[in-house]
Structure formats: structure tokens, C-alpha cells
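The following note is offered to a colleague who has the coordinates at hand. Its points take up the sheets, a pocket and the aromatic pairs in turn.

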Amino acid sequence: MPQPRITPTHFVGPIPFTPSLTILIPRTLLGPEISVIPYYNHRCCQIIHAPNPTPPDFQSRTHTCGDLRASHLGQKVGLCGWVQSVRKAGADLLFIVVRDRFGVTQVVYQKPEAATANGPEAQQFQTLVNLSPESVVAIEGTVTPRPKDMVKKVRRNDTQMPTGEIEVTAQKVQVLNAASNLPFSPEDSKDLPKEEIRLKHRHLDLRRTQLQQNLQKRSTVCHTVRRLLIEEENFLEIETPMLFKSTPEGAREFLVPTRTKNGFFALPQSPQQFKQLLMVGGADRYFQIARCFRDEDSRSDRQPEFTQIDIEMSFVNEEDVMGLVETTVQRIWQATEGVDILSSGPLPRLAYQDAISKIRQLDEGYFTDGSRERPTLLECLVIPDQGQFTRKNLDALKQILKESEANHESQGLHCVSSFSLLDKYASSLNHARLSDITKLGPGHVVAISERSTQGNPDFTTLGRARIAAAQVLESKSLLTISPQQLAFTWIHSFPLFTPELDDQGQVHRLASTHHPFTSPMNQDLPLLETAPQKVRAKHYDLVLNGMEIAGGSIRIHSPELQAYILEHVLKLPAIQRGRFRHLLDAFQHGCPPHGGIALGLDRLVSILCGASSIREVIAFPKSSSGHDLLMGSPSEITNDQLATYKIQLSN
């Protein structure tokens with residue numbers, strides 16, 4: 001049905017509307033040139049006065065709250081922002097601190113001398129006295145010098161207030177929106193509520209200076225990457241689809257139902273297949289700041305949806321990719337921290353086997369009997385105690401054991417606060433050998449972990465214990481880790497495949513360590529048929545201070561090799577191999593050698609900001625339980641919606 005149109009003329013007859021139609025007419029149109037009153041109660045329509053579409057005028061902003069300096073003295077300015085505080089000084093004087101994203105400015109408001117007791121000026125003054133923090137105001141005034149004694153006080157107490165030499169003497173203060181019922185004050189950084197409350201009111205939490213600085217730094221990182229890759233490295237920024245297909249790539253997927261029976265999209269875990277297809281299509285150099293989705297349990301460094309700087313290039317080797325990433329990271333640190341991470345040359349490189357051998361060599365000679373011939377690895381963490389570890393601290397380490405055992409990550413974690421070790425190892429452990437290697441002494445805390453050597457866990461039990469112990473020592477000022485310390489290292493030549501263990505600890509299949517599209521080392525190709533567990537990958541990770549911030553590989557570009565690995569090494573069933581048919585078909589049409597990498601943007605920015613969680617560098621993160629507390633999702637849908645998508649819920 002065509003929409004009716006109202007013109008500024010006189011209606012001369014009945015309005016041809018249907019009985020169900022409601023007309024919204026702005027009050028500004030209801031003038032003498034429009035006659036609608038005779039038909040106001042007409043049975044065919046209902047006329048409702050809509051709010052005035054034009055908001056009241058307010059002083060336009062000429063400067064931000066962080067702009068003004070002594071060079072602006074005498075200028076008339078307009079400021080807009082949030083009220084941070086209101087302080088009354090005497091009967092007729094107010095000091096109002098106004099804040100926006102760019103800084104804070106002090107505003108001085110003097111009640112006019114001619115103001116009568118109940119006049120509009122007095123009422124305005126009282127309104128400002130009672131104004132609550134976080135109210136939105138517009139200021140019209142003149143930049144004036146702040147008294148010298150106040151300038152010294154500002155310089156002494158607040159070095160982060162560049163506007164401290166001036167103040168704005170207001171001629172007009174307009175309240176645009178008075179705040180009320182605040183659940184917390186975003187300016188009270190010392191008494192913030194629990195994270196759940198802050199996430200529920202994230203719009204208010206985002207006003208915190210720290211969060212705004214974090215988002216500014218995140219924006220700077222993205223801008224720096226775009227400028228480098230597009231303007232200097234000749235990359236194309238290309239968006240890939242968000243609606244993908246379900247593929248067996250590892251983590252659980254988020255599925256999207258359609259109105260087609262048993263037809264589902266999946267949200268992409270990464271743009272991996274699309275960016276490889278772009279290489280087949282001749283894009284040559286691609287990147288995007290990509291949203292990715294994985295249905296995993298949340299941790300401080302993980303979210304169900306996250307962002308990565310995704311890169312792919314044709315006709316490259318491992319050194320080409322690593323060199324580009326080093327330049328990218330160098331530019332990021334220069335733009336945000338003023339630090340050149342490559343001042344001493346390229347970042348160090350360490351082969352996976354060299355890294356793991358530094359642990360494995362300690363295993364020799366630990367046991368005095370033959371009871372440990374099965375492939376297990378005994379690891380030990382020794383912490384000089386000196387009476388600093390409380391029972392609560394030790395219980396926290398033991399809790400890591402319970403969590404790890406529940407995830408089948410470890411056979412044991414034990415803490416003792418004396419030289420005598422636990423009974424579990426007393427009969428078979430070579431105390432002298434262990435003491436010689438670890439330099440055990442009386443009063444030390446010892447954490448012992450025993451795990452299988454068949455798997456390659458991302459994050460071992462002892463690794464978690466080490467981080468927990470470091471946090472305890474830092475809290476007691478016994479350990480100082482400089483935030484300026486930057487320990488970058490490339491780890492490369494990972495195993496191409498990782499054994500997956502059954503409930504009895506036996507290998508029952510091989511899985512891709514990275515993903516099934518990673519290329520094997522050329523010299524290891526003969527081992528694919530005879531000893532696939534020994535095959536090394538053209539796979540590289542960039543680690544910073546013990547945390548992976550980027551991971552990538554050279555890809556398989558041969559359709560025959562890709563098909564062989566999927567079928568004969570990974571032993572995927574035919575239905576799963578069929579989900580990669582489009583990729584194998586594309587490789588047959590001329591696929592160049594190619595490789596790439598993805599940098600975790602959230603984790604990278606959290607390191608730059610010194611944040612304890614990536615939730616502190618994401619505008620609207622999910623909670624630790626994976627829920628959006630602000631929007632109240634995930635949420636239930638109606639039976640009609642379920643029927644539309646042909647979905648039935650089971651009990």
C-alpha cells in the first residue's frame with residue numbers, strides 16, 4: 001500500500017486512509033494552513049501529535065575539553081561534555097569541571113549581581129548547584145587565566161591536566177541531559193564495582209579515562225597497520241563473508257539457522273579458506289581486520305568473538321612473512337609507545353624442538369627405578385619461599401591441579417613447603433638428581449607436574465602455576481616485572497600433527513597442530529607415509545613475554561598433497577573431506593605458493609595497555625561466562641521464530 005503524503009495545503013475532503021492506519025504529524029505542521037480538526041475523530045483514522053523533531057538549540061562546540069591553553073586567553077569558546085564535579089564557593093560562585101574524551105576543563109560560573117531571589121538567573125544557579133555528575137552540558141564562555149597559586153597546585157597534583165593554566169568563565173550553561181540513578185561513578189577508579197556490574201552498564205563504564213585511552217590505542221594500532229600495508233606494502237583490504245559453512249577446523253562453531261530445512265550457516269572461526277581462495281584469485285597481497293567467532297569457554301585472554309589482523313601473501317616463504325610482521329609490530333610500538341623493537345636487529349628465532357628440549361633434558365635421571373618407561377614428562381617449578389607463601393596461596397596452586405585434571409591436561413600438580421617431597425614420588429624419585437638440577441633448599445615451595453609427552457598442550461599446568469606464583473610474588477613486592485620489558489621470540493618448525501589421546505592415554509588419531517592447510521617441511525615429505533608424527537611444519541608463532549600474539553604458516557598449494565593429508569593422515573571421513581571440496585577444486589585451477597599469518601588484535605592491544613584482561617580493550621565484550629550483560633544475550637526466542645527456522649528444542 002502506498003504511504004500517504006501530507007502537504008501544507010487545506011484538506012477539502014475525507015482523508016482516504018484505512019481504519020488501521022495511525023498518522024504521526026509533527027506539531028510544527030499543525031498550523032492554520034492545514035485543517036485536520038474536522039476529521040480528528042473520524043472512524044477511519046487516529047491523529048497523534050508527534051514530538052517536535054527539532055531538538056532545542058545549544059551552544060555549538062568550538063573546542064574540546066582538552067584543547068584550551070594559555071594561547072586561547074580572551075577567546076569566546078563553546079564546550080560540550082559531561083559534568084565531572086560541581087563545587088560551590090561562596091553564595092554566588094560555582095566551579096564546574098567538564099570532561100569529554102579529549103580532556104577536562106574547569107568552568108567558573110558567577111550568578112549575575114542583578115539576579116532576583118526567585119528570578120530565572122537564581123533558578124539557573126540553583127539548578128547548577130544541584131547538578132549531578134555525568135550530566136551533559138553545553139558551555140558558552142570566555143577563556144581566562146587561572147590564578148597562579150591554583151596553577152601551581154594543578155601542576156603539583158595533576159600532571160595529566162594540560163588545561164591547568166586556564167579556566168572558562170561561563171556566560172551561559174545549558175543542561176542538555178541531567179543524569180540520575182547512576183549505578184556507579186566512572187570517575188571513581190579506586191572504588192569501582194564488580195566487573196559484572198560494569199559490563200551491565202558498559203555505556204557508563206566506557207567513560208572511564210583508562211578505557212577511553214585503551215580504545216584510543218586500539219584505534220591507533222588499526223590505523224598504523226592500514227597505513228603500512230596499503231600505502232607502503234601494496235596490500236588490498238578485502239572483506240570476506242561472515243556467513244560461512246560448517247567445517248571441521250577445530251573449535252566449536254556458532255551455527256546460524258536458515259529457513260531451509262537442516263540448512264545452516266556457520267560464523268567463521270577465521271577467514272582462512274577465503275583468504276587462500278583470494279590468492280588463487282590473484283589478489284596477491286590481502287589483509288583485513290577480521291571478526292572471528294569460536295564457541296569456546298571464556299578466559300581473561302579469550303572471547304567468543306574476537307578480532308585479528310589477518311594477512312595472506314602469494315609467492316612468499318617463511319622469512320618473507322616473518323619479516324613483514326616484524327615491520328608491522330615495529331610500527332605499532334613506534335606509534336603507540338615510541339619504542340623501536342628492531343633497534344638491535346631482527347627478532348630472535350627458536351625452533352620448537354630446541355625450545356622443548358630445554359625442558360625435556362631435565363627429565364633424564366629423575367627416576368631411579370624402571371616404573372616410568374611410559375612417555376611421560378616430569379616438570380618442576382621451584383619457588384624460594386622464605387615464609388611468603390600462605391596456606392591460601394598454596395591452595396590456589398592446588399586448585400590449578402583440579403582444573404587441569406578435569407581437562408585431562410596433567411597427571412598431577414603438587415606443592416610442598418619443605419625439602420621432603422611427596423610420598424607419590426618418594427620411592428622412585430632421585431632426590432639427589434632433582435636437588436642438583438633445581439637447587440632445592442629448605443623452605444622452598446615445589447610444584448611438580450607429570451604429563452604425557454604424546455600431546456603438545458597450548459598451556460600446561462605448570463605454566464598456569466608459574467603465572468599464579470608470579471602474581472603472588474608481585475603482590476608481596478618480591479618480584480618486579482618491568483612493563484617496559486619486551487621479550488619477542490619467533491617459535492618455528494612446529495610438529496605438523498599433534499597426537500590426540502583417548503581416555504587411557506593412548507594415541508588414537510592425529511590432528512593438525514595448526515590447521516589442515518599448513519605445509520610440511522620439504523625435507524620431511526617422505527615421512528608423511530611412514531612417520532607422520534615426525535613431520536615438521538612451515539609454521540611460525542610470534543611470542544611476546546610468554547604470550548602468543550601471532551600465528552601463521554606457509555600453506556599447501558598442491559591439490560594432491562592436500563587431499564592426501566585430509567584422507568590418509570588426518571583420516572577424515574568422506575563427509576568431512578567433502579566440506580573442503582571447493583578448496584581442492586580451486587587448487588586445481590592454478591594455485592600459487594602462498595602463506596600468511598594472523599595477529600590477535602585484542603591480545604596485542606591488551607599488552608600495549610598493560611590490561612589484565614582483553615575485556616578491557618574491547619568496547620562491548622562478553623563476560624567471563626560468555627554473556628552480553630548489557631544487551632541481555634543470549635536470549636530466548638519465540639516459538640514462531642523457532643517454527644520459521646524449523647527448529648525444535650529438546651529437553
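In which sense, and over how many bridges, do strand β12 and strand β22 pair?

1. The model under discussion is a predicted one. In it, strand β12 (residues 305-314) and strand β22 (residues 594-600) pair in the antiparallel sense, over seven bridges. Within this pairing, I311 of the one strand stands opposite I597 in β22.

2. The two strands belong to an open sheet of eight strands, in which the pairing is mixed and the order is β8-β11-β12-β22-β21-β20-β17-β13. The edges are held by β8 (236-237) and β13 (349-351); each has a single partner strand, so one side of each is left without a neighbour in the sheet.

3. Helix α5 (residues 209-232) packs on this open sheet. The strands that helix α5 touches are β8, β11 (285-293) and β12, and its direction makes about 150 degrees with that of β11.

4. A further sheet forms a closed barrel of five strands, running β3-β4-β5-β7-β6, again with mixed pairing. On average, neighbouring strands of the barrel are turned by 55 degrees against each other, direction ignored.

5. Within the barrel, strand β6 (residues 136-145) and strand β7 (residues 166-177) pair in the antiparallel sense over ten bridges. At the level of residues, T142 has T169 in β7 as its bridge partner. Helix α1 (residues 120-129) packs on the barrel sheet and touches β3 (76-88), β4 (93-100), β5 (103-110) and β7. The direction of helix α1 makes about 55 degrees with that of β4.

6. The second largest pocket has a volume of about 330 Å³. It is lined by 15 residues, of which F254, P304, K622, G626 and P634 are the closest to its centre. What is the make-up of this lining by class? Five of the lining residues are nonpolar, four are polar and six are charged.

7. Six aromatic pairs are found when the whole structure is searched. One of them joins F244 and F274, whose ring centres are 5.1 Å apart. Their planes stand at 55 degrees, so the pair is tilted; the tilted class excludes planes over 60 degrees apart, which count as edge-to-face.

8. Where do the two partners of this pair lie? F244 is in the loop between β8 and β9 (255-257), while F274 is in helix α6 (residues 272-280). The pair therefore ties together parts that are 30 residues apart in sequence.

Technical notes. Residues numbered from 1 in each chain as written. Predicted model: local features only at pLDDT ≥ 70, side-chain atom pairs only at ≥ 80, totals over all residues. Heavy atoms only, no water. Pairing = 2+ DSSP bridges. Helix = DSSP H or I, 4+ residues; strand = E, 2+ residues; numbered from the N terminus. Axes fitted to C-alpha atoms, helices over the stretch in contact; angles between N-to-C directions. Contact = heavy atoms within 4.5 Å. 1 Å grid on protein atoms, 1.4 Å probe; cavity = no way out; pocket = protein on both sides within 12 Å on 5 of 7 lines; lining within 4 Å. Points joined across faces, edges and corners; volume = space filled by probe spheres on them. Nonpolar A, V, L, I, M, F, W, Y, C, P; charged D, E, K, R; others polar. Phe/Tyr/Trp six-rings, centres within 6.5 Å; stacked < 30°, edge-to-face > 60°.
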